[in-house]
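Student: Before we look at the model, could you explain each term as we meet it?
Tutor: Gladly; each answer will set a value beside its definition.

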Amino acid sequence: MKLGEGVEAAIHCAATLASVEGNSTMPGAALAEAFGLSPSYLLKHLNQLTAARILESVPGPAGGYRLAQPAERVTLLDIVLAVEGREPAFRCAEIRQRGPVKIDASAYVKPCGINVAMLKAERAYRAALAEVKLSDIVATYAAEGDPRSIAASCAFVERHQRPQKSGPTSKFNPRQM
């Protein structure tokens, strides 16, 4: 299974936004800069996260993005599904029923074994992602990351976050760990 680069970008952006203080926001352009991505490319994924209510978009010159809910309530599965969609990665097209020798459809009453196996793997994959919270990712980074990387990330967030007058105020702050 191959996930698009947008999943990685979305998870990194959400993790970065988890460390924004209070109800502050961060502009999409700053998030794009942080990860060396095209702002227009990243905007597509930020919009997907916003549509899924993982992020909140605050309009205006001092606006930007922030988490729409606490990092403890966002799973990696939530982010993957927001970016990749809810359809399973494998979609059986019943090609076993095609070809030069046509057999009546009644010969295929049992589910395709390949489809069954692939859907079982999909359930396991999704269950594993559902167990990992965004707050877990941030906490692990804060506990195990290179201090230089953590300091640079915190400095970047402090430089680019924009204080707001309203919105959610419970954010996960790795500096408090």
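Student: Which element gives the largest share of the lining of the second largest pocket?
Tutor: In this predicted model, where local features need pLDDT of at least 70, side-chain atom pairs count only at pLDDT 80 or more, and totals for chains, interfaces and linings use all residues, that share, 4 residues, comes from α4. Residues are numbered from 1 along each chain as its sequence is written, and side-chain values use heavy atoms, with hydrogens and water left out.

Student: What makes helix α4 mostly covered?
Tutor: Buried means under 20% relative accessible area, exposed over 50%, and partly exposed in between, with a 1.4 Å probe and protein chains only; in α4, residues 76-84, 7 of the 9 residues are buried, among them Leu76, Ile79 and Val83.

Student: Why is Cys154 called buried, and Cys92 partly exposed?
Tutor: Cys154 has a relative accessible area of 13%, which is under 20%, so Cys154 counts as buried. Cys92, at 31%, lies between 20% and 50%, and therefore counts as partly exposed.

Student: How do you know that the structure holds 0 disulfides?
Tutor: A disulfide is a pair of cysteine sulfur atoms within 2.5 Å, and the count for this structure is 0. For Cys92, the nearest cysteine sulfur, that of Cys112, is 4.5 Å away, so Cys92 is in no disulfide. Cys154 is in no disulfide either, because the nearest cysteine sulfur, that of Cys13, is 16 Å away.

Note on methods:
Helices (H or I, at least four residues) and strands (E, at least two) are DSSP runs, numbered from the N terminus.
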